[in-house]
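Q: Could you take me on a close look at the nonpolar core of this protein, and show me how it sits within the rest of the chain? I'd like to follow it on the structure as you go.

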Amino acid sequence: MSTLEYIKMLPAGILSIIAAFFIYFSLSCLIQFKDKWRYKILLQFGCWLISTIIIFIGDWVNMTYTLLFFLAVVWVSCIGSNLKKFTLGMMFSCTTFAFNALYDNCIAFLAHIYDMDSFYGNMYLVGRLFFAVFLYLSLRFRKADRSFELSAPLWRLMLSLSLAPLGIMLSLILLRNSDYSLRLLNQTLIADTALFLVVMLSFAGLLRALTVLEKQQQLELENALIRQNKSYYEAMETQQFEIRRLRHDMTNHLQTLLILPPQQRDDYIQEMLDTPALVQIFSWCADPTVNAVLTAKESLMRQNKIPFSAKAAIAKPLPFEKSDICAIFANALDNAAESCLKLEESLRRVQLEAKAGKGILAINISNSCQCASAPSQSSGDNSAVRHLSLHAKKPTETSQLPRTTKKDAKNHGLGLRSIQSIVKKYGGSMEIRQEEEMFHLFLYLPMDT
């Protein structure tokens, strides 16, 4: 092939690469990719392959091997459960294959019938680019979080629903030979065109259903977090009410003590001292909610023999909802205490630093934990350092929260989710880092919201 022929092919190559990038960006709207560049290059090649592969009716080789290769690429290069990767990979690739088959068979035959072969050949890659751009714009504005994760039963439901359009497409492409002719134009061609369009619309509807299910699940999670945050705050309010009630009744208690025998008097005094409402409220800072939470959690740490140190440089009450302040500090310290309880007493330690200034509230909580090489870590990560950035407005490809170690995973593990939800609410940022035997949670919230 001469240099001139290579130059003539250059525009076609550029168009195919651009179309592949739009397919790649479309897939990135649905699922997170792994950070390493080799996985991204592999995904780009897979997207180029499914966007340029020619799908002829009766040719089972192209589609079969391309589908298997693309599913394998998604499996190794994306983040999420196996069901999520397989289901999304299947629906996304089959949507593209349905268009390719429609374009390479039905539209190509119509162009041949109306003597437009030359125009079709010149516009062939333009049509594929148009589909890739349309697919990207459709997914780009669905406003979904690509880190969403449905429950296993829901993923299995979506996979089973995708079997019907998948079966139609496989039947059209793999189970018969192309028999288009002028005599069958009004039968086979029209029927195939309609079926390919049905397949494309079916997969589009399934992708839309994923968005609805995701939003519904997110709504349920937010409601659970709100209930949990309110329960934290209501517990603090109850304690404050008990303090006021005991102060009001102090005269009656003193009069009772005067008439009780010595032994009963000591028991009565001890019972009063053990009342949670009489726990001393330390003045950690100028925010009363932070004071109440830190006092309660300091008592919890002391009961569990966990050394606890806290510094809160907060000069005035924080401009956030009290339930949100309570939830951040309480959830973080509860998680820290839970992690420490798995260790020997000599290894336990929790430290908290909070500072409000220059329009920002910064909180850093560190606690001792099991070593990063412990079985609780992912088997594919042997590093002694784990770093996880959870930005509110643009989550990174690694924004997966650590899973709860409790057996009842459905009703537990909401602590970090609650904190992350509040961070997003106020437009802040949250970072998790594990270094050997220390776990660090850092977050900041702008106070001018």
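A: The protein chain holds 14 helices and 8 strands in this predicted model. Of its 449 residues, 43% are buried. Contacts between residues at least 6 apart in sequence are worth a glance too: 74% of them join residues at least 24 apart. On the outside, the accessible surface comes to about 24,600 Å², and carbon and sulfur atoms account for 60% of that.

Now to the core itself. In soluble globular proteins, nonpolar side chains tend to be buried together. Here the largest nonpolar core has 61 residues, and Leu27, Phe92, Met169 and Phe196 are those with the most contacts inside it. Eight names are worth finding along the chain: α1 (3–28), α2 (37–52), α3 (60–77), α4 (82–113), α6 (124–140), α7 (152–161), α8 (163–174) and α9 (185–248) each contribute at least two residues to this core. The biggest share comes from α4, with 15 residues.

Phe196 is a good place to zoom in. Setting aside residues up to four places away in sequence, Phe196 touches Ile57, Ala98, Ala101, Leu102, Cys106, Met169, Leu172 and Ile173. Apart from this core lies another one, of 42 residues, with Leu294, Leu352, Leu361 and Cys369 among them.

Back in helix α4, have a look at Asn100. Its relative accessibility is 1%, and because buried means under 20%, Asn100 counts as buried. If you leave out neighbours within four places in sequence, Asn100 is in contact with Ile50, Ser51, Ile53, Ile55 and Arg128.

Helix α7, one of the contributors to the core, is a nice one to view end-on. Trp155, Met158 and Leu159 are buried in this helix. Looking down the axis of α7, you will find its buried residues within an arc of 100°, so they line one face of the helix.

For the strands, turn to the hairpin of β7 and β8. Strand β7 (residues 429–435) and strand β8 (residues 438–446) run antiparallel and are joined by 7 bridges. One pairing to pick out is Ile432, whose bridge partner in β8 is Leu441. There are 2 residues between the strands of this hairpin, where Glu436 takes a positive phi near 55°.

Technical notes. Residues numbered from 1 in each chain as written. Predicted model: local features only at pLDDT ≥ 70, side-chain atom pairs only at ≥ 80, totals over all residues. Heavy atoms only, no water. Core = buried A, V, L, I, M, F, W, Y, C linked by side-chain atoms within 4.5 Å. Buried < 20%, exposed > 50% of the residue type's maximum accessible area, 1.4 Å probe, protein only. Helix = DSSP H or I, 4+ residues; strand = E, 2+ residues; numbered from the N terminus. Contact = heavy atoms within 4.5 Å. Areas by Shrake-Rupley, 256 points an atom, 1.4 Å probe, with all protein chains shown as cover. Pairing = 2+ DSSP bridges. Arc of directions from axis to C-beta.
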